[in-house]
Amino acid sequence: MKQPPEPDHLPYKIVIGLEVHVQLATRTKLFCRCNTQFGAPPNTQTCPVCIGLPGALPVMNDEAFRLSLQTALALNCQIPPSTKWDRKQYYYPDLPKGYQISQYDLPLSHDGFLEIHDSQQRFESKRVRIRRAHLEEDAGKSIHDERSGTADSRIDLNRTGTPLLEIVSEPDMSSALEARTFLDELKLVLVYQGVSDCNMQEGSLRVDANINLHIRDRETWIPTPIVEVKNMNSFRAVERALEFEADRQFDVWQETGQRLGDAPKQTRGWDDQAEVTRPQRGKEESSDYRYFPDPDLVPVNVSPQQLDQIRRQLGPIPAVLREQLQTQWGLGAYDADVLVNQGPRLVQYFTQLAEACGDAKEASNWVQQDVMRRLKEQQTEIDAFPVSAATLAELIRMKQAGQLDRSRAREVFQHMCDHLQSPQQAMTALGIQQVDTAELSALCRSLLDKNPAIVADVKAGKQQAIGSLVGQAKKQNPNVNPAQVKEICLQLIAEMS
Amino acid sequence: MSLTRQDVEKVALLARLRLAPSEVDTMTRQLSQIVDYVQLLSELNTDDVQPLAHAIEVTNVFAADQPLDSLSREEALSNAPHTDDEYYLVPPVLGS
Amino acid sequence: MSLIDLTATELQSQLALGHITAVEVTGAFWAQIERLNEQVGAFLATRRDMALEAAERIDLQRAKGAAVGPLAGIPVALKDLICTQGERTTCASRMLASFVPPYDATVVERLRSADAILIGKTNLDEFAMGGSTESSALGVTRNPWDLECVPGGSSGGAAACLAARMVPLSVGTDTGGSIRQPAAFCGVTGLKPTYGRVSRYGLIAFASSLDQIGPMARSAEDVALLLEVLAGHDARDSTSAAVPVPRYTECLRQPLSGLRIGVPRAHFADGLDPEVAAAVQEGLRVYRDQGAEIREIELPHGRYGIAAYYVIAPSEASSNLARYDGVHYGYRTDEAALLAEWREESRRLMDAGDTSALQQSDNPLVRMYRRTRAEGFGPEVKRRIMLGTYALSAGYYDAYYLKAQKVRRLIRQDYDRAFEQVDLILGPVTPGPAFRAGEKASDPLSMYLVDLFTVGANLAGIPAISVPCGFTSRGLPVGLHLQAPPLEESRLLRAAYMYQQTTDWHTRKPSLA
Ligand SMILES: [Mg+2]
Ligand SMILES: [Zn+2]
């Protein structure tokens, strides 16, 4: 196995921890029964509870709690027998109660892990520890006048109270790429569990990163002040922001020599256009959230039976699935990776296809080369794909039976997709018919008669000369199978001698 | 006095209250008096006592994930001091 | 006897017999409100037309022989921190002076479906913080027994309107004694139910883990009638008790035989007004004469109750009242003035080149919050918000909030142990009778100490009742305090009923009524 490059040449180590907020796929909010659907007109999905009207009280959404436990189990977390809710208090116009209901000292899960690896082996596979995953309510949306800063800010409370799972990693990542990979893998786990749609554009997945450097100092390492980076709107942005930040922090270190503790924790925002991080605006008021147990909510006890039940219903875990594709279906690590990264539905399509056509390697090729390309071109999901696994398997079997060559099979496939037809229908429509063996032999014989020079070349051992005959045959009858033409011609030439 | 003026000013910012200088004096005196009284609690050894957050100890109260009607926007905004009939409006957050 | 002197139970049977109509009843109480509210100031808002309309509807229904609810045609007053849809709910605060809830509290739904006539909203200490109703920003309430005196609080309006015969039934709330203390000061009967017995949905929170809505009336029988309507599990309140509610009106008349009454020695110590002590001792004698066994008991942590309470209640209040920030509802400071002030200050600092002061100065939003809250809240509310914010702030949480929650458990354990030996605990409701308006205004701590005997029931979550048991020489009522184990409201009501069968303190009427 190829050794990953050791960043020995760097005079420092990068230390990254991530904080990911994931919107859970419930129908209603965490503490009230307002719809969570994205994109509704402003302030049309609120009620006394989520606007924090005086007198209104929260009641916990059971599905949000179940989805949290499911996610925590998929992330290998410990689930304590009892958990409670706390108020995190701060003033902001999109936080109507003046506090966020969150979890402080007794989160619903802690101490899990997520394995990350790189198929190109740019870093060594590792286990990133999950410190905790807890449930909390989202705030609303503020729309600021970014330019002049003098117009009123506008507040939409539709999102207020949407259930979020906050997943906090330990600072176990040592490069922007590792952080990116962690996020890709985490998203995959969440998608496989069906607990979130993880749509970053719609804000259902948000990432903050904590990063600092450990500067090499002979036998020891000197940690630099920690910076929290926010405002990253894609995984790509996270990667670039962290790359930028590591460089910037090293420059600051060289300039100031500031160590951890010398300066307070700084918050910086990623500017995607300028590709830099900047200190976030606003007065630095030291945060004192005055957490205390929410008296309006009661603790939740989780029984081992309940956990067993959720464990039994757990969706596939990507890492386990990759392993299965290799051991049960004989795929290589790379192919398994590509398929699993496409998500559970595509993997299901693959397994159905492999089962139906009886050739996993072939099925894998078709899925990766044809199906995935088509999905990309059409910008659709496998659920909306017009050719079922069973139908595609039919086509593959025809190819395996020698009725079609690879390129003709592809044409047929395209036609099946475009016109929602069966392989037979598509072949008819394309005018592809089985060419009678006798007819084919006659055709070959006439070609050999007309091309004595080629026959001579072949006889002299230049087998590739036959290609020209195949081309001529196809011109005369597009339905001929090139492999068959080649085979028959060779046989006839052999018989001549 | 157990609280200083600075303590009171800090707490007033946390609590988003504006106190006139004379109010800070009164508040410092009155809060100190109450906090001194509350020190009575420190007489008790509570090392092995579990805090009691709820007077009746209920657990696992849930509601089903079934949508109910929300308020109309008019109702939601009806008590707001300042709106544009679509959003709540507040003075600029990004002051400079 | 005029209609307004009848109890709700009497009115209920007269109405059922068709001897009187709901319109007559409502009209009679309305006339009394008109006559006395200016002097007493019990109500912040009344709704004559809607009340009379509702009464007409009920009379019509009855005439048709249709079924009507248990409070059909009986006027009920609501403390003005219980949300009523489409009608102002102010908490007696400038902050919510124009707040109109778009929803009804659960108890309001229950009262409506019991066909009660909701006749008005009563005054209270601002956000229920206080024991005299003097911290109300919207009105002054006086004690009907002596207009120079406070009615108690925070449910001062709720108690005063009963004493003045303006309503037969009144709904109050009790966080540290706010039903029982004004009931004692005004000579009416008031019950604080077990925490969780009555839904808090729609009750504007002061201290969520202590607040309870409860019935107030002029007799234990009426209190039972009203509690039966108010009590019950509510899926919208996670802290609501999912247990059946007894038929209080039916079990009321069963006497308690072999009753064991515990008397905490500390409740009769120095500092107790001698006339109050005498009246309560006399009350105790009544029970002894009825065969009750009297035992002295200890509540060893009782003396820490006020200290624990004045950490927990303000802490929760500081959080509950954070929502009043002028953004989504309620009062907001004058924005033009605020922006002008901000520009002026920024310019001044800029000219002086004081960049660090400029950076430290509040942005317009923070200014909006601070001015809004400074102008919208009264001094007592601000004091408690400050106290609670301090107690929860970094470095103090363990010493104050956590400590108080632990002491709270000790206090609960005291009660659990006491109730292994006795069925009820008896004592005074307050250390003294109603005091003069303004007397304690400048000394918050002395006002807090008035809650000495009542906060224990809130901290422990147990039910307790205040029953009239006599008068001082100046003619001010005195209240007898009974406390029972969790969910034993029926025991309290039976004991109070027994008492009111042989005494007539609860039927006395202030001269102005
Ligand atoms: Mg969070
Ligand atoms: Zn809602």
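In this predicted model, the magnesium ion (ligand 1) is held by three residues of chain A: A:H21 gives its NE2 atom, A:E136 appears twice through OE atoms, and A:E166 adds an OE atom, at 2.0 to 2.8 Å. Read along the chain, the donors are spaced as H-x114-E-x29-E. The two glutamates come from separate strands, with A:E136 in β7 (residues 126-137) of chain A and A:E166 in β10 (residues 163-169) of chain A, so the pair ties together parts that are 30 residues apart in sequence. A:E136 is buried, at a relative accessible area of 4%, and A:E166 is buried too, at 11%.

Chain A also takes part in a sheet that crosses into chain B. This is an open sheet of 3 strands in the order β8(A)-β9(A)-β2(B), and its pairing is antiparallel. Its edges are β8 (141-143) of chain A and β2 (88-90) of chain B, each of which pairs on one side only. From one strand to the next, the twist averages 30 degrees. Within chain A, β8(A) and strand β9 (residues 153-156) run antiparallel and are joined by 3 bridges; here A:I143 sits opposite A:R154 of β9(A).

Chain C has its own open sheet, built from 11 strands with mixed pairing, in the order β1-β3-β2-β4-β6-β5-β10-β11-β9-β7-β8. The edge positions go to β1 (43-46) and β8 (293-297) of chain C, each pairing on one side only. Ignoring direction, neighbouring strands of this sheet are turned by 30 degrees against each other on average. To pick out one pairing, strand β5 (residues 189-192) of chain C runs antiparallel to strand β10 (residues 464-471) of chain C, and 3 bridges join them. C:K192 has C:A464 as its bridge partner in β10(C). Helix α5 (residues 156-163) of chain C lies across β1, β2 (75-79), β3 (117-122), β4 (169-174) and β6 (212-217) of chain C, and runs at about 155 degrees to β4(C).

Next comes the interface of chain C with chain B. Here 68 residues of chain C are in contact with 52 residues of chain B. About 5,600 Å² is buried between the two chains, and carbon and sulfur atoms give 67% of that area. On the chain C side, C:R370, C:M386 and C:R409 lose the most area to chain B, together making up 14% of what that side buries. The rule finds 3 salt bridges across this interface. C:K382 forms a salt bridge with B:E23, where the closest N and O atoms are 3.6 Å apart.

Over all chains, a search of the whole structure turns up 75 salt bridges. In chain A, A:K230 pairs with A:D208, the closest N and O atoms being 3.3 Å apart. A:K230 belongs to strand β13 (residues 227-232) of chain A and A:D208 to strand β11 (residues 205-217) of chain A, so the salt bridge ties together parts that are 22 residues apart in sequence. A:K230 is partly exposed, with a relative accessible area of 25%, while A:D208 counts as buried at 13% relative accessibility.

A salt bridge also links A:R345 and A:D383, with 3.6 Å between the closest N and O atoms. This pair connects distant parts of the chain: A:R345 is in helix α7 (residues 344-357) of chain A and A:D383 is in the loop between α8 (360-378) and α9 (389-400) of chain A, 38 residues apart. A:R345 counts as partly exposed at 48% relative accessibility, and A:D383 counts as exposed at 55%.

Back in chain C, the side chains of C:E221 and C:R253 meet in a salt bridge at 2.1 Å, N to O. C:E221 lies in helix α7 (residues 220-230) of chain C and C:R253 in the loop between α8 (248-251) and β7 (260-264) of chain C, so parts 32 residues apart in sequence are tied together. C:E221 counts as buried at 18% relative accessibility, whereas C:R253 counts as partly exposed at 45%. Finally, salt bridges that share partners join B:R18, C:E341, C:E345, C:R367, C:R371 and C:E375 into one network.

Notes. Residues are numbered from 1 along each chain as its sequence is written. Chains are lettered from A and ligands numbered from 1 in the order in which they are written. This is a predicted model: local features need pLDDT of at least 70, side-chain atom pairs count only at pLDDT 80 or more; totals for chains, interfaces and linings use all residues. Side-chain values use heavy atoms; hydrogens and water are left out. Donors are N, O and S atoms within 2.8 Å of the metal (3.2 Å for Na, K and Ca); water is not among the atoms, so sites may look incomplete. Helices (H or I, at least four residues) and strands (E, at least two) are DSSP runs, numbered from the N terminus. Buried means under 20% relative accessible area, exposed over 50%, partly exposed in between (1.4 Å probe, protein chains only). Two strands pair if DSSP finds at least two bridges between them. Axes are lines fitted to C-alpha atoms, for helices over the stretch in contact, and angles run from 0 to 180 degrees between N-to-C directions. Contact means heavy atoms within 4.5 Å. Buried area is the accessible area (1.4 Å probe) that two parts lose on being put together, summed over both. A salt bridge is a side-chain nitrogen of Lys or Arg within 4 Å of a carboxyl oxygen of Asp or Glu.
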